[in-house]
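Ready for a few short exercises? Try each task yourself before you read its solution.

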Amino acid sequence: MGIISWIILGLFAGAIAKILLPGRDPGGFIGTTLIGIAGAFIGGWLSAKFLDRPVVKDFFDLYTWGAAIGGSLVLLVGYRLLFGNSRD
C-alpha cells in the first residue's frame, strides 16, 4: 500500500478507535485524526516486526485493518493518559 492508502486507512482507523473509546479528547477531531494516522503506521510496523504478519498490498485485508485500529487505540489511550481531559 502507498502512503495515501495508509493515510486514508488511518483516518478510518482513528474514527473507529474514537467510536470504540468515546469521550472528549484533548486534541478534538484533528488530534484524533492524526492519532489514527500515526496508529495505522505504528500498528502496521508492529504487526510486521513482532507478529510476523507483514502488511499486504491489499487495502481491504482484515489483519491490516486490525493492526491499524489496534495501533490507533493504543495511541489514543496513551494520549488520554498523558494529556488528560484539558477541555473541561
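**Exercise 1.** Find which residues serine 72 is in contact with, leaving aside its neighbours within four places in sequence.

*Solution.* Keep in mind that you're looking at a predicted model. Serine 72 is in contact with Ala13, Gly14, Ala17, Ile35, Gly36, Gly39 and Ala40. Now locate serine 72 itself: it's found in helix 3, residues 62–83. One of those contacts deserves a second look, since the side chain of serine 72 reaches the backbone oxygen of glycine 36 at 3.3 Å.

**Exercise 2.** Decide whether serine 72 is buried or exposed.

*Solution.* Start with the cut-off: buried means under 20% relative accessible area. Serine 72 has 0% relative accessibility, so it counts as buried. Next, look along the helix: the buried residues of helix 3 also include Trp65, Ala68 and Leu76. Finally, ask what lies over them: the cover includes helix 1 and helix 2 (28–50).

**Exercise 3.** Work out how the reach of helix 3 compares with the expected value.

*Solution.* Helix 3 has 22 residues. The expected span takes 1.5 Å times one less than that number, giving 32 Å. From first C-alpha to last, helix 3 reaches 31 Å, close to that expectation. Just after helix 3 comes glycine 84, with a positive phi near 60°.

**Exercise 4.** Describe the surroundings of glycine 10.

*Solution.* Glycine 10 sits in helix 1, residues 3–20. Its relative accessibility is 0%, so glycine 10 counts as buried. Not counting residues up to four places away in sequence, glycine 10 touches Thr33, Gly36, Ile37 and Ala40. Then check glycine 39: it's 29 residues from glycine 10 in sequence, yet 6.8 Å away in space, C-alpha to C-alpha.

How values were computed
Residues numbered from 1 in each chain as written. Predicted model: local features only at pLDDT ≥ 70, side-chain atom pairs only at ≥ 80, totals over all residues. Heavy atoms only, no water. Helix = DSSP H or I, 4+ residues; strand = E, 2+ residues; numbered from the N terminus. Buried < 20%, exposed > 50% of the residue type's maximum accessible area, 1.4 Å probe, protein only. Contact = heavy atoms within 4.5 Å. Polar contact = N/O pair within 3.5 Å; in protein donor to acceptor, adjacent residues only side chain to side chain.
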